[in-house]
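Work through the salt bridges of this chain. Each exercise has a task and a stepwise solution.

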Amino acid sequence: MPETYQACVAFDNLVDRDQTLLRASSSVPFLPVQLLRNQHVGRRWRAGGEEAAITLDLRQPMPVDTVALMGCSMTQAGSMRVRGSTSDSTGQAGEAFDQTFAGGCNPLYRYQIGLLDQPAAARYVRIDLLEPGAPWIEAGRLFVGIRHRYRINYAYGWQMATIDPSQKTKSAGGSTFIDRKRRYRVLDL
């Protein structure tokens, strides 16, 4: 029987909550771990060396089943280990969950995504990154939270489009002035 994939959406990012504390094992100057909260993926956190760890304190146990790094410099050779704990502030105990995702970063899209089998409650989440031979590891955005699975999967013929709400106005002299607004993506499922 062929394997089928269910459409999922994750949108409530626990990293963006005010009370969440974010720490890293290392950061190079001017590229701190707090940049992982920035929605602009081009502003990246960077850790020197081939190993790095990110630790989150969510302040209370919260359900987690999805961990993703966007704008990630890792390759197919890299791996991401995700651990969750309710009592160990380093997250190393991993009694809530402990799973390793190897070769999951697609260099074309630069997303390192870890999908846990079951949602598990954890106060502390630790993400260990390993990229053998790399001079540094960097990422632009971190997502930790729950994903929503649809009961009915999307059908064939789905489309993705980019909407640009910017307004273009032509002056009397023939010049075009653009009132730029933020573009967004739309999925037609």
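The exercises below concern charged side-chain pairs in a predicted model.

**Exercise 1.** Find how many salt bridges the model holds.

Solution.
- Step 1. Apply the cut-off: a side-chain nitrogen of Lys or Arg within 4 Å of a carboxyl oxygen of Asp or Glu.
- Step 2. Count the pairs. The result is ten salt bridges.

**Exercise 2.** Decide whether Arg-46 and Glu-138 form a salt bridge, and place both residues in the chain.

Solution.
- Step 1. Take the closest N and O atoms. They lie 2.9 Å apart.
- Step 2. The cut-off is 4 Å, so Arg-46 and Glu-138 form a salt bridge.
- Step 3. Place the partners. Arg-46 sits in strand S3 (residues 45–48), and Glu-138 in strand S8 (residues 136–139). They are 92 residues apart, so the pair links distant parts of the chain.
- Step 4. Check accessibility. Buried means under 20%. Glu-138 has 9% and is buried. Arg-46 has 23% and is partly exposed.

**Exercise 3.** Which residues form salt bridges with Asp-128, and are they buried or exposed?

Solution.
- Step 1. Arg-83 is one partner, with closest N and O atoms 2.3 Å apart.
- Step 2. Locate this pair. Asp-128 belongs to strand S7 (residues 111–130) and Arg-83 to strand S5 (residues 79–85). The separation is 45 residues.
- Step 3. Arg-126 also meets Asp-128 in a salt bridge, at 2.9 Å from N to O.
- Step 4. Compare each value with the 20% limit. Arg-83 has 9% relative accessibility and is buried. Arg-126, at 14%, is buried. Asp-128, at 16%, is buried too.

Terms used: Residues numbered from 1 in each chain as written. Predicted model: local features only at pLDDT ≥ 70, side-chain atom pairs only at ≥ 80, totals over all residues. Heavy atoms only, no water. Helix = DSSP H or I, 4+ residues; strand = E, 2+ residues; numbered from the N terminus. Buried < 20%, exposed > 50% of the residue type's maximum accessible area, 1.4 Å probe, protein only.
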